[in-house]
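Thanks for asking me to look this one over. My notes are below, in the order I would go through them with you at the screen.

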Amino acid sequence: NTKNKVAIYGSSSSNTQQIRLFVSDDDSNYYQNHNVNLYASASNGNFYQEFDCVARYFKLQYSASATMTTKYSLRS
């Protein structure tokens, strides 16, 4: 409860990868957060985004098939 931001970062083998963020309070009903736009860099496939931690759960959806390495950290 002391963390108020989430940082998501990693790399994709597809440098056109779009990553969608979904949030939930109950881990059952998820809603897309349209305020967060994650795209892999066209030059190297890396991505990074910080967003406010407004829900207890979150998940990511990848728009294309690729080898993904995704990490996250909770920040104050």
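The points below take up confidence, then the salt bridges, then two loop residues.

1. Please keep in mind that this is a predicted model. Confidence for the protein chain averages a pLDDT of 90, with 97% of its residues at 70 or more. Among the elements, strand 3 has the highest mean pLDDT, 94, and strand 7 the lowest, 89.

2. How many salt bridges does a search of the whole structure find? The search gives two, and both are worth a look, one at a time.

3. One of them joins the side chains of Lys 5 and Asp 52, with an N to O distance of 2.8 Å. Lys 5 belongs to strand 1 (residues 5-12) and Asp 52 to strand 5 (residues 46-52), so this pair ties together parts that lie 47 residues apart in sequence. Lys 5 has a relative accessible area of 28%, which means partly exposed. Asp 52 is also partly exposed, because its relative accessible area is 44%.

4. The side chains of Glu 50 and Arg 75 form a salt bridge too, here at 3.2 Å from N to O. Since Glu 50 sits in strand 5 and Arg 75 in strand 7 (residues 68-75), the pair ties together parts that are 25 residues apart in sequence. Glu 50, at 29% relative accessibility, counts as partly exposed. Arg 75 is partly exposed as well, with a value of 38%.

5. On to the loops, beginning with Asp 27, which you will find between strand 2 (18-24) and strand 3. Its phi is near 60 degrees, a positive value in a residue other than glycine. If you are going through the backbone torsions, Asp 27 is one of the residues to pull up for that positive phi. Its relative accessibility is 44%, so Asp 27 counts as partly exposed.

6. Asn 33 is in the loop that runs between strand 3 (31-32) and strand 4 (38-39). Is Asn 33 buried or exposed? With 14% relative accessibility, Asn 33 counts as buried, because the cut-off for buried is under 20%. Leaving aside residues up to four places away in sequence, Asn 33 touches Leu 21 and Phe 22.

7. To go over this in the viewer, I would start with the pair Lys 5 and Asp 52, go on to Glu 50 and Arg 75, and finish with Asn 33 and its contacts Leu 21 and Phe 22.

Note on methods. Residues numbered from 1 in each chain as written. Predicted model: local features only at pLDDT ≥ 70, side-chain atom pairs only at ≥ 80, totals over all residues. Heavy atoms only, no water. Helix = DSSP H or I, 4+ residues; strand = E, 2+ residues; numbered from the N terminus. Buried < 20%, exposed > 50% of the residue type's maximum accessible area, 1.4 Å probe, protein only. Contact = heavy atoms within 4.5 Å. Salt bridge = Lys/Arg side-chain N within 4 Å of Asp/Glu carboxyl O. pLDDT = per-residue confidence, 0-100.
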